[in-house]
Amino acid sequence: MGRLIKNHWARLIILTAAAYQVGSAIEGFIWPKVFWDFMTKNLNGAVKPIPVLQILNLLMGLLGLAWEWPLKYFAGTLPHRSIEFRLILYPLSALLSMLLYQGTDPAIYYLVGIGVYFWAYSEGERLNYDLMTGMSPPASTTLINEDFRVETALPTDDAEDVPVNKKTSFNGRLNQYFHTSKNIPSRQDTLCKRTSESESNDQSSSNDNDSNSKRRKKAVSTAVFNLPKRITRSRSASSSSPASLASPSPSPATEPSTPGRSRARRQPSSRKSTPASSPVSLLRDTIPSNLTLLLVGVNPGIMTGATGYIYAHPSNLYWKLLHWSGITTIRHPPSDTYRLPELYNIGNTNIVERPTRDASMLSKAEMDAGVPVLEEKVANQRPEAVCLVGKSIWEAVWRVRKGRAIRKEEFRYGWQDGSENMGRSEGWNGAPVFVATTTSGLAAGMSMAEKQAVWNELGKWVNSRREAKKNTHPM
């Protein structure tokens, strides 16, 4: 990742502010209003009958655009190359914008841009002329050596150039307040030190390595003499490393080993994370024969698979919706999973047995493969009705039966046509299908009221079946 050139970033922010200021000034001509008129009426004369404030904002916005773009009349001039001049002028633009009702937003942009320019100023950055304009710099600035991406000095004032490893006055003076000072050795000193180290290592090495050591010393000395004199903050030190360009280091395979030195190798870090799926599930089907209702889920969640209880995650709405719809008389905890057939004659199963953190992690092939298994379960146990808890289950059933995806206009929650009954077999017409909303806490496509309305319809049917059985078999 490259080094942030803060003055270029500030320039883009100021360009946005200036364009916004021009627009707000034009709108101010149509609707003249001072932002602070709720505090005082003394400033209203600045916008009407003579639109003084609008004209000043328009002029300052156009000036900002011409200056930062820049127009050729501004490009390369002393004010255009000066951050200090910007720090004087732009607060005035921000103040004028702040007074106009439509100009509060550009005022905020101006303040942010001024802050970034001040940040660049405090670190001693200089405006890069060719980066801003795409033209060659004037003779008073420095040229960019594209081979090394460092600045080679032309005759300029030393106060304008800011070395990386030197505290400067005022262009960079604020570093002593904002940053911790570090002693950074120059690259020439570092290379000379490496030269002396290589000489001492060569003396202690065997005679077989004499020719290799001479070549290394020659390459290092060449790099020292070819180094540019100064590296400034206007270019990233990471992209201007002349040592890496002038003297490429030998590969580990050809580099001679030095006694007493070991090369540290970086080991990949292992990070523990929550498993996306679990191969083991403790959940078991509860499908005795002749249930009033068989509820079919998509697949167990991680917590359900670990505990063996359906819809065990606290965020799941299953147990709440069962109670609110009247299917259960109380709100049961997940630990009552295996008591539901006994208490209410309702059972549970899933179309896919593999636990995952989220149902969206299942493939369509997995869902489709579970449809024939579900049909067989229903045909064997013959419940009175089947409730598919979630739209995706019915979509899988539809794909397997029709050989295509269900269309939007074909889908509906609630009871499906009698021709779509599940588990049809000889002598039995199958179980009617009710498609209910998902109970997952992650699903936000429907409101709670909409979900409850669908489940209430199912609850009304379950209670009517219970009443019918009571009347048929009196106690």
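These are my notebook entries on a predicted model.

**Entry 1: spans from the record**

I began with the UniProt record, an unreviewed entry, which places the feature "transmembrane region" at residues 12-31, 51-71 and 83-101. I looked up the second and third of these in the model. Residues 51-71 are 81% helix and 0% strand, and their end C-alpha atoms lie 27 Å apart. For residues 83-101 I noted 89% helix, 0% strand and 29 Å between the end C-alpha atoms.

**Entry 2: a nonpolar patch**

I then looked at the surface. Ile26, Phe29, Ile30, Trp31, Ile55, Leu59 and Tyr101 make a nonpolar patch of about 700 Å². Which helix gives the largest share of the patch? I found that H1 does, with three residues. Helix H1 (6-30) and helix H2 (52-68) each supply at least two. I checked one patch member, isoleucine 26, which is found in helix H1. Isoleucine 26 counts as partly exposed because its relative accessibility is 46%.

**Entry 3: helix H4**

Helix H4 covers residues 104-122, 19 residues in total. I noted a reach of 27 Å from the first C-alpha to the last, close to the 27 Å expected at 1.5 Å a residue. Its buried residues include Tyr110, Gly113, Ile114 and Tyr117. I recalled that an α-helix has 3.6 residues a turn, so residues three or four places apart point the same way. After H4 comes glycine 124, with a positive phi near 80°.

**Entry 4: the sheet**

I traced an open sheet of five strands with mixed pairing, in the order S4-S3-S5-S7-S6. At the edges I found strand S4 (346-350) and strand S6 (414-415), each pairing on one side only.

I spent longer on strand S3 (residues 293-297), which runs parallel to S4 and is joined to it by five bridges. Glycine 297 stands opposite asparagine 350 in S4. S3 also runs parallel to strand S5 (residues 386-389), here with three bridges. Valine 296 has leucine 388 of S5 as its bridge partner.

Is S3 mostly covered or exposed? I found it mostly covered, with five of its five residues buried. Leu293, Leu295 and Gly297 are on one side, Leu294 and Val296 on the other, and both faces are covered.

**Entry 5: salt bridges**

I noted a count of 15 salt bridges, and looked up three.

Aspartate 285 and lysine 377 meet through their side chains, at 2.8 Å from N to O. Aspartate 285 lies in the loop between helix H9 (242-246) and S3, and lysine 377 in helix H13 (residues 364-381), so the pair ties together parts 92 residues apart in sequence. Aspartate 285 is partly exposed at 40% relative accessibility, whereas lysine 377 is buried at 17%.

Glutamate 384 and arginine 465 form a salt bridge of 2.6 Å, N to O. The former lies in the loop between H13 and S5 and the latter in helix H15 (residues 448-472), so this pair ties together parts 81 residues apart in sequence. I noted both as partly exposed, glutamate 384 at 25% and arginine 465 at 28%.

Lysine 402 and glutamate 420 form a salt bridge, with their closest N and O atoms 3.2 Å apart. Lysine 402 is in helix H14 (residues 391-402) and glutamate 420 in the loop between S6 and strand S7 (433-436), 18 residues apart. Lysine 402 is partly exposed at 40% relative accessibility; glutamate 420 is buried at 8%. I last noted that a network of salt bridges links Glu375, Arg401, Lys402 and Glu420.

How values were computed
Residues numbered from 1 in each chain as written. Predicted model: local features only at pLDDT ≥ 70, side-chain atom pairs only at ≥ 80, totals over all residues. Heavy atoms only, no water. Helix = DSSP H or I, 4+ residues; strand = E, 2+ residues; numbered from the N terminus. Expected span 1.5 Å × (residues − 1). Buried < 20%, exposed > 50% of the residue type's maximum accessible area, 1.4 Å probe, protein only. Patch = residues over 30% accessible without salt bridge, like charges linked within 9 Å, V, L, I, M, F, W, Y side chains within 5 Å. Areas by Shrake-Rupley, 256 points an atom, 1.4 Å probe, with all protein chains shown as cover. Salt bridge = Lys/Arg side-chain N within 4 Å of Asp/Glu carboxyl O. Pairing = 2+ DSSP bridges. UniProt positions renumbered as here; feature names shortened; annotations may be inferred.
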